[in-house]
Structures are given as structure tokens and as C-alpha cells.
Amino acid sequence: MDLEQLAALRTPEGSAALATAARLAGGDPLRAAGALRATGVPAGLAAAALTQAELRRRAVGKFGPVAAGMFFTRAGLEQATRSVVARRRAERLRAVGVDTLADLGCGLGADALAAARAGIRVYGVEADPLTAALAAANAEAAGLADLFTVTCGDATAFDVSGVDAVFCDPARRRAGTGRRIFDPNSYSPPWDFVTGLAHRVPNTVVKVAPGLDHALIPADAEAEWVSVDGDLVEAALWCGPLAHLPRRATLLGKEGPPVNAYGREGHPSHPSEREAARQHGGGEAARQTVHQLGGSGMAEAAVGPVRRFLYDPDPAVVRAHLVAELGAELDATLADPSIAYLYADTATVTPFARCLEVTDVLPFSLKRLRALLRERRVGRVEILKRGSALEPEQLRRDLRLTGDQPASLVLTRVAGAPTTLLCRPVT
């Protein structure tokens, strides 16, 4: 994709090519290209349309039905915020009265579009000319160009004095290569600029990598880790008046009653949010569930023996260092102080962890494990691991399973010793 191809795709001929490409996407790419060219579409436009159609098809998982009208690059789609996460962030900002927002490093516009749908006036800044043009095109396609405008330029030079809040998603991949950047000082904008934003605009939110070192978190910021349907997708720093507690784990799903910005049941907090639900085609936001666990992130969980039930915490809970808080809620303990599996005598329903019933505990031995599984007629195993160097797929082959029963196999450590737990799910 380049600026010339984007312009061609936005012509009537380009729109027709995109419509045809959408019907061909997902099949054999060579055959699709031939079929599109056979309709009279020039080769260059056909290739661009087919690429967009494939990216739009992949983007549905992140953006829902609105992806069908958006424009993407491969790297931009990979790094874009999921719509359920962006929408909740926008609702939280709107709930505290934010009317204007600077989005520094707006990318394809995922977060800015969510904020605009919530009624916030967004000023996007993007250094890459193509990405800035794509974001502007996405604003127009969504009918939000009056609420979301994009400037191509240096985010560090943007005047933030006239906005209520700032959102910054610094680039964590190298331009040209797409390789991940692990040193925050090499982000774009750099980390010192990002963390200094809160001193200029108190209502500042920073999107960060889920693997961010806790030592880099400003002392007065709230650090939130977010998972969607069990997948850890991002972390964010909420600064100034937006910070409510040191650490938060937020679990988002797509089923359940309407929720407001803080996950409490009830209708969205603002009329604009209800309108946003309608714009999303029938109220995707109204079905979103939000579960949150908070704490200091510094507490240490009690340690005890393996007990009848094992809890495998959601990755957002683990990354937020809130395993101790979850253990206190479940009356559960760790069997090893360095392994985030919790054990309890009773099974308690919780959205923050998956529960398994432990049927057998044995020191790891391939021979003994193989014999036990043969005795139990186990032929299908789900393998979970924490604190084990074993490769699950290699172990699966080594077990030579032949039975007809399922089981869950947990590879872990107990008091420092390699241990295998044979389990079954608790429904």
C-alpha cells in the first residue's frame, strides 16, 4: 500500500474493485487476482483491492463488522487496538468529562475512532504519511471526520495545551523491519517524553506492551492489564485523576448484560455511547462484559500444599501481579512461591481464573506418567505448564496416548520440585 494506491481505492472504480475483491477474499489468491482482472480491473488496482479485502477479513476479529469499510496495512492492523478495548477506554475518558483528546501516534485510528464515537473531539497525530492518510480515510468511512482529524507530523511537537486529555501509543516496532523494540527509551516517541505527558496534561493514558517492567511504571499511575476472552492484549497507564489504584486486571468478554465505563451493570453512561452501540450494528457494546480486579501489585500470596482444586489465573491477573489478591478472594494458596497456580479446597466460580480438579499428583517421570495415563485410558490431553522446561508437543508424542478419555495435564513445580498434576475441568 502507498498513497497512490490508497487514492485509487477511494475512487468509484476502486470501490467497485474492493466490492468484488471482498467476494473473492479467503480463496486462492492467484485465482482471485485472475478473476478480478478478468472484470477489467487493472493489475495494480486488483492487487491493492485484494490485499485490502484480505486485511479487512482478518480485521473482523478486532473491529467487528465496521472493518468492512476501513483501510489497513499489515503492520497497522497487527498493532491496532481491539475495538472492545478502545471502546471501553473511550467510555472511561468520557465518564470523567473529557471533551477533547490528543491522540499522539494515532496509527490507523482505532482508539481515536472509538473516542469520537463516544462524542469526544479527537486530534490525531501520526508521523508516517501513509498511516496518517489511512487514519483520515477511516474517519471519513465511519462518518466521523468532523470529530476526528489527523495531522501528519511529530507527536512531540504537538501543542497539547488545548485538550482535556492525551492518549499516546508509542511505536514499539522499528520502521521498515517491523521488529519489536524492547527498550522503552527506543520507543517513538521516547519513554521520557511519554511519561512526561502527565505533567503537562493530567488526564493522560499511555498504551504500553503487556511485558512492561513494573519498575518503569510511574509511582502515581494506575497500571492496567487487559485480556479479551482470555487473551492478554495490552496494558495501559492511567495518570493523574484517571488513576484509581496501583494495579488493575481487566477482563473483557462479549457476552452478558450492558455495562458502564467501570464494568458495573447498567446502561452506558452517556447518550453518545448508546449511539455508538447503534453505529456498531445492533449494540456490540451492550453485550460486552467487564470484570476487574485491583490491588497494590505488591502483596505476596500464602504458600501451602497442593489441594483439591487448581486455579489457573487469567494472564491479565498474572501480569498485574494480582495473584495474591485473587488467592485471598478464593481462600487459595500457592504451592510454589514463584509459580502462579493457586490451590484451594473448594471450587469457587470466578471470572479471573480457570478451575481444575486435581486427581493425581506425582513427581515428573515420563515412565510413571505414561503408565498412569494408560491405566486411566487417557487418549487426549490438554497440557498446561508454568515453571517447566518441557515442550508440550514433544511430551504429547512421547506419551503415546491410545485411550478414549480426555484429561488435563499440568506441568509445574511444587516447593521447587518438577511435578505433574493430572486434572479434570470443573464445569
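# Reading a predicted chain

Modeller: The chain has 14 helices and 16 strands. The model is a predicted one.

Biologist: How compact is the chain as a globular protein of that length?

Modeller: The general idea is to set the radius of gyration beside the value from the globule rule. Here the radius is 24 Å, close to the 22 Å that the rule gives for 427 residues, so the chain is as compact as a globular protein of that length. The C-alpha trace spans about 65 × 55 × 40 Å along its principal axes.

Biologist: What share of the residues counts as buried?

Modeller: A residue is called buried when its relative accessible area is under 20%. By that test, 49% of the 427 residues are buried. The chain exposes about 19400 Å², and 53% of this area comes from carbon and sulfur atoms.

Biologist: What part of the contacts joins residues 24 or more positions apart?

Modeller: Counting contacts with a separation of 6 or more, 70% are between residues 24 or more positions apart.

Biologist: How many positive and negative side chains does the chain have?

Modeller: There are 49 positive and 48 negative side chains. The centres of the two sets lie 7 Å apart.

Biologist: Now a single helix. Which residues of α3 are buried?

Modeller: The general idea comes before the case. An α-helix has 3.6 residues a turn, so residues three or four places apart point the same way. In helix α3, residues 29-38, the buried residues are A32, A33 and L36. Seen down the axis of α3, they fall within an arc of 100°, so they line one face of the helix.

Biologist: What do the buried residues of α3 pack against, and what does the face turned away carry?

Modeller: The buried residues pack against α2 (12-24) and α4 (43-63). On the face turned away from the buried side are the exposed residues L30, R31 and A38.

Biologist: Helix α4 also holds F63. Is F63 buried or exposed?

Modeller: F63 has a relative accessibility of 5%, and so counts as buried. Leaving out residues up to four places away in sequence, F63 touches M70, F72, L77, A80, T81, S83 and A110. One of these, L77, is 14 residues from F63 along the chain, and the C-alpha atoms of the two are separated by 9.9 Å.

Biologist: Where is A347, and what is it in contact with?

Modeller: A347 sits in the loop between β12 (342-344) and β13 (353-363). Setting aside neighbours within four places in sequence, A347 is in contact with F309, Y311, C355 and V426. Its relative accessible area is 41%, and A347 is therefore partly exposed. To relate sequence to space, take A347 and E382: they are 35 residues apart in sequence, and their C-alpha atoms are 20 Å apart.

Biologist: Backbone angles next. Which phi value does D229 have?

Modeller: D229 is not a glycine, yet its phi is positive, about 50°. D229 is found in the loop between β6 (222-228) and β7 (231-238).

Biologist: What is the phi of H321, and where does H321 lie?

Modeller: H321 is not a glycine either, and has a positive phi of about 60°. H321 lies in the loop between α11 (315-319) and α12 (323-330). With a relative accessibility of 38%, H321 counts as partly exposed.

Conventions
Residues numbered from 1 in each chain as written. Predicted model: local features only at pLDDT ≥ 70, side-chain atom pairs only at ≥ 80, totals over all residues. Heavy atoms only, no water. Helix = DSSP H or I, 4+ residues; strand = E, 2+ residues; numbered from the N terminus. Rg over C-alpha atoms; globule rule 2.2 N^0.38 Å. Buried < 20%, exposed > 50% of the residue type's maximum accessible area, 1.4 Å probe, protein only. Contact = heavy atoms within 4.5 Å. Areas by Shrake-Rupley, 256 points an atom, 1.4 Å probe, with all protein chains shown as cover. Lys, Arg positive; Asp, Glu negative; His and termini not counted. Charge placed at Lys NZ, Arg CZ, Asp CG, Glu CD. Arc of directions from axis to C-beta.
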